[in-house]
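Trainee: Hi, have you got a minute to go through a model with me? I'd like to start with some helix packing and then move to a sheet.

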Amino acid sequence: MTKMDMIDGFPEYMRESIEKVERTRKGRMKKRHKPMSPKEKEKILDKYHPDYKRERKRAMLFGPNKGDLMPDELVDLLEAHPLVKPGNIDLSHIDYDVDVLIIGGGGAATVAALWANNTGIKTEDILMATKLRHGDANSMMAEGGIQCADRKDDTPMRHYLDTMGGGHFTNDPEVLKTLVTDAQEILKWHEELGVMYDKDENGEFIEISGGGTSKNRLHFARDYTGMEIMRNIRDVMRNREIPVLEFTPAVELITDDLGQLAGAVLYNMETEQYYVARAKSTVLATGGWGRLHIQNYPTTNHYGATADGLVLSYHVGAKLRDLDAVQYHPTGAAYPEQIIGLLITEKFRGMGAQIVNKDGEQFVYPLEARDVEASALIRECYERNNGVVTPTDMRGVWLDSPMIEILHGEGAVKKNFDAMYRMYERFGINMAKDPVLVFPTLHYQNGGVTIDVNAQTSVPSLFAGGEVEGGPHGKNRLMGNSLLDYNVFGRRAGISAAKHVKKAKIGKLTLNHVEKYEKMISDARVKTDRKAPMLLPEYRGKEALSRSLDIF
């Protein structure tokens, strides 16, 4: 048998490391690894977290965030030429004239549509325009759960303090207060819709801890919480027959001569036609930026997560915030190659699984906040050289998933992590018996478009909800706050948009802001042939591109 021979889904040399993990398991279960002190956390972040690599960021040269540091990959898009040329768009021909236009098709967009409808906007006066299909979003892929302080020994204030600490005290205090105080109302609404959160035999919520939290407040539906929530809210929206344009992203926003937002230019990706959508209120719910692959990291994100909302909102002068901070989830799959970067939920560590190196040694407290945990994994693999190198030269450490079987009984892994169990089973790996190899993966856009407590942006008539907005998380998001975020601020965006409709008056439509943006690019002496928004990532290599036909 050679070194690369496979034994139950793993090369032989990996199996040797797994045997060390098994030998140390009993001892590790008796000894609790201590959390880091604040000083230790600061030190490890400064030295190992990708956010602290100053050479991979640069300052914006113009616009509301002039001088702010952001990842090169994002600045490349913000400094790119807009896709639309005003002279090519006939704004006098209006294809869709609605009260509320919702850009995006994930959780925040769906929640916004429902609550705009609940607040009095007729279904035919709402339009959702989404780049892919309704539901093709990170919201569908979320695994771990949703935070809500609903136990007697917990409070929204405690949730607030945990989240403020996790965000390094950079969160918007009022926006964060709104996030934690609306949580119980959101959970009640989910229950009314039929969301099936895991409960015990007495009908009480089963709640576990997440990284950086001081109490068990994570509610979940096995390891497909996002899909379970999305299943319910999408069904309600479809039953109400709220109009949806699929495969029709916004390629530019439209303003009016009164200085407010007035809709968007939409683009049918199948027919390559553009549409003019006029709206009294517009809700931006385009999600995050994982497919920018910042610093070349793999990502957990869906195919359409290309920062479109940041680009569009910046074109019309919206203020952005906290975009120097990127969330790398500590446990992305590092083996096998076919699933590299896919999320291995933090819930594993919440239920007792430990992170260990190639020798089976625990080197970090499993429930540090995500940025600290990710930094410890990077240090272990690259400075200490204690990671396992895969056949494709990626490095990783072990997530000791079989500990869950020991702690919670036989069958606990499959029961609680059915989706993950099946994903690995396809490659001959049994998570209940063997650990899995993990390494940090690009997961979340911590910041975004600045909003107030009512989801209003700095641009009149433009509202935002979900991952596209910034404020509640500061520089680092805690587990379970993303699903809460899109429900809280998707709801508030929908309500605010509906209320704005009653007093709104639209002036003459214009794309003057595009011309002004082009002038800012020129004045800043930016030389580029890039155009943005990106819409879809490009994965074809040079050889494939050299043989492509531009037939459209």
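Trainee: In which hand does α2 pass α12, left or right?

Mentor: Happy to help! Keep in mind that this is a predicted model. The crossing of α2 past α12 is left-handed.

Trainee: And at what angle do α2 and α12 pack?

Mentor: At about 60°, with the axes 9 Å apart. Here α2 covers residues 38-48 and α12 covers residues 370-382. Angles of 65 to 115 degrees would count as roughly perpendicular, and α2 and α12 are therefore oblique to each other.

Trainee: Which residues meet there, between α2 and α12?

Mentor: From α2 you have K41, I44, L45 and Y48. Their counterparts in α12 are D371, V372, S375, A376, I378 and R379. Sorted by class, the contact of α2 with α12 has six nonpolar residues, three charged and one polar.

Trainee: Great, now the sheet. In what order do the strands of the open sheet with β14 come?

Mentor: The order is β14-β20-β22, three strands with mixed pairing. Its edge strands are β14 (320-321) and β22 (469-470), and each of these pairs on one side only.

Trainee: How do β14 and β20 pair, parallel or antiparallel?

Mentor: Antiparallel, over two bridges, with β20 spanning residues 448-450. If you'd like a spot to look at, R321 has G448 in β20 as its bridge partner.

Trainee: Which helix lies across β14 and β20?

Mentor: That's α10, residues 308-315. Helix α10 runs at about 35° to β20.

Note on methods:
Residues are numbered from 1 along each chain as its sequence is written. This is a predicted model: local features need pLDDT of at least 70, side-chain atom pairs count only at pLDDT 80 or more; totals for chains, interfaces and linings use all residues. Side-chain values use heavy atoms; hydrogens and water are left out. Axes are lines fitted to C-alpha atoms, for helices over the stretch in contact, and angles run from 0 to 180 degrees between N-to-C directions. Helices (H or I, at least four residues) and strands (E, at least two) are DSSP runs, numbered from the N terminus. Angles under 35 degrees count as roughly parallel, over 145 as roughly antiparallel, 65 to 115 as roughly perpendicular and the rest as oblique. A crossing is left-handed if the near helix is turned anticlockwise from the far one by less than a right angle, and right-handed if clockwise. Contact means heavy atoms within 4.5 Å. Ala, Val, Leu, Ile, Met, Phe, Trp, Tyr, Cys and Pro count as nonpolar, Asp, Glu, Lys and Arg as charged, and the others, Gly among them, as polar. Two strands pair if DSSP finds at least two bridges between them.
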